[in-house]
Amino acid sequence: VVITTAGPNTINASLNGTPLNCQRVTDTNGNYVWEITVYNSTGYELPSTGGPGTNLIYLLGIVLTGFAGTGLALRKRRRTA
């Protein structure tokens with residue numbers, strides 16, 4: 001991103017020669033800031049997240065929850081019998 005000032009209240013921003021939308025806005029503290037909109041473009045494949053290793057963790061959690069539930073049910077059944 002290339003940013004140049006065109007005056008005290010104006011800036012120009014571009015990405016690879018394509019102009020970007022620039023607006024002067026106020027933030028939550030009342031300060032003036034520049035908001036530059038950069039649009040996503042195709043051309044790069046993003047990496048996948050999560051991976052196959054998370055399935056094992058989910059399966060382990062389900063199995064442990066099942067054992068805990070079964071244990072509580074058997075414990076309750078023994079107390080009432």
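Which residues make the nonpolar surface patch of about 650 Å²? Some notes on this predicted model, starting there.

1. The patch is built from Leu56, Leu59, Leu60, Val63, Leu64 and Phe67. Leu60, one of these, sits in helix H1, which covers residues 53-80.

2. On the overall layout: the chain has one helix and five strands. Going along the sequence, the order is β-β-β-β-β-α.

3. Don't expect a globule here. The radius of gyration comes out at 28 Å, while a compact globule of 81 residues would be near 12 Å. The C-alpha trace spans about 85 × 35 × 10 Å along its principal axes.

4. Burial and contacts are worth a look next. Just 4% of the 81 residues count as buried. Among contacts with a separation of 6 or more, 9% come from residues 24 or more positions apart. The exposed area of the chain is about 7,500 Å², with 58% of that supplied by carbon and sulfur atoms.

5. At the start of the chain, strand S1 (residues 2-7) pairs with strand S2 (residues 10-15) in the antiparallel sense, over five bridges. A hairpin with two residues links S1 to S2, and Gly7 has Thr10 in S2 as its bridge partner.

6. S2 also runs antiparallel to strand S3 (residues 18-19), joined by two bridges. Here Leu15 is opposite Thr18 of S3. This pair is a hairpin too, again with two residues in between, and Asn16 in the turn shows a positive phi of about 55°.

Note on methods
Residues numbered from 1 in each chain as written. Predicted model: local features only at pLDDT ≥ 70, side-chain atom pairs only at ≥ 80, totals over all residues. Heavy atoms only, no water. Patch = residues over 30% accessible without salt bridge, like charges linked within 9 Å, V, L, I, M, F, W, Y side chains within 5 Å. Areas by Shrake-Rupley, 256 points an atom, 1.4 Å probe, with all protein chains shown as cover. Salt bridge = Lys/Arg side-chain N within 4 Å of Asp/Glu carboxyl O. Helix = DSSP H or I, 4+ residues; strand = E, 2+ residues; numbered from the N terminus. Rg over C-alpha atoms; globule rule 2.2 N^0.38 Å. Buried < 20%, exposed > 50% of the residue type's maximum accessible area, 1.4 Å probe, protein only. Contact = heavy atoms within 4.5 Å. Pairing = 2+ DSSP bridges.
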